[in-house]
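Reader: I have a chain to look over before planning my week. Can you take me through it?

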Amino acid sequence: MQPDPVAPDSPGAVLRLVRSGQAASRSDIARLTHVSASTAATRVEALIGLGFLHETGAGRSRGGTRPRRLELRTDAGTVAAADLGANHASLALFDLGGTLLSERLLPMDIAEGPERVLAWVVGQIREMSDAAPAPLAGLTVGVPGPVDFRAGRVVSPSRMPGWNGADVPGVAGALIDVPVLVENDANLMALGEFSAAPDGCEHLVFLKAGSGIGCGVIASGQLHRGARGAAGDISHAPVSDQQDVPCSCGRTGCLDAVASGAALARRLHAAGFDVHSTSGVVEIARNAEPVSARMFRDAGRATADVLATIVNFFNPDTLVLGGQLSQAEPYVANIRSTLYERCLPMAVEKLVIAPSRAGRLAGVIGGGRLMLEHLFDPRRVNALVS
């Protein structure tokens, strides 16, 4: 891990102490940063002047006069998040403390392309923001495809026709005058699940099993993207005994083509079931019909074969199963059993395999968190103070 380039007594670092709950007064800041009371006061006044902090009633005394309590100005603005799927979008608005203010789940067709979809997203966010008590400060957009986070571009998505190379911050930012970030949807869901995870969770893997398959990785409490953003993308990992199954990426035997909700819908339809969507697939799973049950078991085993490599290599403490297929009991049961069969005993001895806590809001919760971390980045705050 690279050292933190931010001075520990800088305004941005002081704000981070207050946001994390480590500091609640000027005296706390002086003690934790090893600066004088006057220097701590200068930092606090600068942050109050920028609207980041305010002082409330008396805090806890460490001897002498009770200090005034410092708190984040959560009502000073809002952040928005849009989690785009193939056929729907989840939209949400949060205050600056991460509290959910409003949310919408609406139909949407990702195949309409970036210009039309992002214009629609911005329109929906404007409506939600107009009804909020504070101005919009930022927007995060999650997409169901690979993202080069630093460049802000979608890269070779297999289920997003017309989106290859799309500059999401550029397109959306031209329509709304706030910072715009773009991230892979599974990464945002991993962030959302990490926010909802119990204390003690540091290393988390999130499996998104819906119409497509994705994966997000949290390492030591931080989203792990890899060199360009491809970390955790298991959708096109090869399944060893399925090399005759064509995939939308042009290769064969990919996990997405074998075990995703879209793949199961195709296989079930070919077997005579009246099913055309992942939600229909889940409904069939509840009926425990023998032919479909075998397909779910096969899909669960194929998914777990790929996950087993991740669990053995990365050794997470928590594996979260999300997406619509996580509601299909035979699929989930075979993921669990295959993982225990294929993984090293030490890797699974204390592994928590859990359903999603955040549910369908995981992506927007993660999007809100990502934007808040961007807005409150100590380097950005320091630049505003200077």
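Reader: What should the 14 residues of helix α13 span, and how far apart are its end C-alpha atoms?
Author: This is a predicted model. Helix α13 covers residues 362–375. At 1.5 Å a residue, its 14 residues should span 20 Å. The end C-alpha atoms agree with that, lying apart by 20 Å.

Reader: Why is α13 described as largely enclosed by the rest of the structure?
Author: Buried here means under 20% relative accessible area. Among the buried residues of α13 are A362, V364, L370, M371 and L375. Glycines are buried there too, including G363 and G367. The helix is largely enclosed because the buried residues number ten of the 14.

Reader: How many helices and strands does the chain have?
Author: Helix α13 belongs to a chain with both kinds of element. The secondary structure comes to 14 helices and 14 strands.

Reader: What radius of gyration does the chain have, against that of a compact globule?
Author: The chain has 386 residues. A compact globule with that many would have a value near 21 Å. The chain agrees with this rule, at 23 Å.

Reader: What share of the contacts with a separation of 6 or more comes from residues 24 or more positions apart?
Author: Contact means heavy atoms within 4.5 Å. Counting contacts with a separation of 6 or more, residues 24 or more positions apart account for 61%.

Reader: How far apart are the mean positions of the positive and negative charges?
Author: The chain carries 35 positive and 38 negative charges. Take the mean position of each set. The distance between these two points is 5 Å.

Definitions and conventions: Residues numbered from 1 in each chain as written. Predicted model: local features only at pLDDT ≥ 70, side-chain atom pairs only at ≥ 80, totals over all residues. Heavy atoms only, no water. Helix = DSSP H or I, 4+ residues; strand = E, 2+ residues; numbered from the N terminus. Expected span 1.5 Å × (residues − 1). Buried < 20%, exposed > 50% of the residue type's maximum accessible area, 1.4 Å probe, protein only. Rg over C-alpha atoms; globule rule 2.2 N^0.38 Å. Lys, Arg positive; Asp, Glu negative; His and termini not counted. Charge placed at Lys NZ, Arg CZ, Asp CG, Glu CD.
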